[in-house]
Amino acid sequence: MPPIPGSGLAKGLAVTLRTMTKRTVTAQYPDVQPELPPRTRGVIGLFEENCTVCMLCARECPDWCIYIDSHKETVPPAAPGGRERSRNVLDRFAIDFALCMYCGICIEVCPFDALFWSPEFEYAETDIHELTHERDKLREWMWTVPEPPALDPGAEEPKEIAAARKTADKLRAQEEREAQEAQADQGARPGPTAEQEGQE
């Protein structure tokens, strides 16, 4: 059946009329801040205390936009007669967001949870050289990182918590066993005889 002449125009006008009656959804940014999803990939925050300068994030970065400098420090022995140890101390941690493609590989490969996604996105600069943010700025963004979502009720318990609970249960069982043995020793210990009481 051939189309009715002008049906396409009528359909287009119908769509226009429907849209005209709806309320506008334009967000007046920056006066109205957007509602971002909870795990938005904005910028990368650095939790400096967890960084061991293993350089894994810088090596795995496909854009080579992470710059890390460090030096070695000698740590005195923890116990007398022990051996001195050396550890890496972080001097510089910077990310060039002009190069970063927000793939998140650095966050995934970090073995010590030192890097996190922050939902902050307002960090535009007038000069491209100022898009290299040092560790002080990355540290500020760390405090805007949202809490991780709760585990599902049926999810498997994290290995760290399971290992800690197993160790605590083992210590508790050992303490109970020692307490029972101490009570058994006190019960089995003979009391003073009549002669001994008379001598006293």
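**Fold, cavities and local geometry of a predicted chain**

The protein chain contains six helices and five strands, where helices (H or I, at least four residues) and strands (E, at least two) are DSSP runs numbered from the N terminus. The coordinates are those of a predicted model, in which local features need pLDDT of at least 70 and side-chain atom pairs count only at pLDDT 80 or more, whereas totals for chains, interfaces and linings use all residues. Residues are numbered from 1 along each chain as its sequence is written, and side-chain values use heavy atoms, with hydrogens and water left out. Read from the N terminus, the order of elements is α-β-α-β-β-α-β-β-α-α-α.

The radius of gyration of the protein chain is 33 Å, against a value near 16 Å for a compact globule of 200 residues; the radius is taken over C-alpha atoms, and the globule rule is 2.2 Å times the number of residues to the power 0.38. Along the principal axes, the C-alpha atoms fill a box of roughly 125 × 55 × 35 Å. Of the 200 residues, 20% are buried, the classes being buried under 20% relative accessible area, exposed over 50% and partly exposed in between (1.4 Å probe, protein chains only). The exposed surface of the protein chain comes to about 15,800 Å², with 55% of it supplied by carbon and sulfur atoms; accessible areas come from the Shrake-Rupley method with a 1.4 Å probe, and for residues only the protein chains shown count as cover. Among contacts (heavy atoms within 4.5 Å) between residues at least 6 apart in sequence, 72% join residues at least 24 apart.

Internal and open spaces were located on a 1 Å grid over the protein atoms alone, a cavity being a set of points where a 1.4 Å probe fits but cannot get out, and a pocket an open set with protein on both sides within 12 Å along at least five of seven lines; lining residues have an atom within 4 Å of a point. Grid points are joined across faces, edges and corners, and a volume is the space filled by probe spheres set on the points. The structure holds two cavities of 30 Å³ or more. The largest cavity, with a volume of about 100 Å³, is lined by 16 residues, and Cys51, Cys54, Cys57, Cys110 and Ala114 lie nearest its centre. Its lining divides into 14 nonpolar, two polar and no charged residues, with Ala, Val, Leu, Ile, Met, Phe, Trp, Tyr, Cys and Pro counted as nonpolar, Asp, Glu, Lys and Arg as charged, and the others, Gly among them, as polar. The second largest cavity has a volume of about 80 Å³; of the 14 residues that line this cavity, Cys61, Cys65, Cys100, Cys103 and Cys106 are the closest to its centre. The lining of the second largest cavity consists of twelve nonpolar residues, one polar and one charged.

The largest pocket encloses about 250 Å³ of space and is lined by Arg39, Arg41, Ile107, Phe116, Trp117, Val145, Pro146, Glu147 and Pro148, a set with six nonpolar, no polar and three charged residues. The second largest pocket, of about 180 Å³, has a lining of four nonpolar, two polar and four charged residues, to which strand β3 (residues 85-96) gives the most, with four residues. Val53 belongs to the lining of the second largest pocket, as do Cys51 and Arg135.

Several loop positions deserve separate description. Val53, in the loop between β1 and α2 (56-60), has a positive phi of about 55° although it is not a glycine, and is buried, with a relative accessible area of 5%. Tyr102, in the loop between β3 and α3 (105-109), likewise has a positive phi, near 60°, but is partly exposed at 25% relative accessible area. A cis peptide bond, with omega about 10°, joins Tyr29 and Pro30, and Pro30 is placed in the loop between α1 (7-21) and β1 (43-46). Thr144, in the loop between α4 (135-142) and α5 (159-188), is partly exposed with a relative accessible area of 30%; residues up to four places away in sequence not counted, Thr144 touches Ser118, Pro119 and Glu120.
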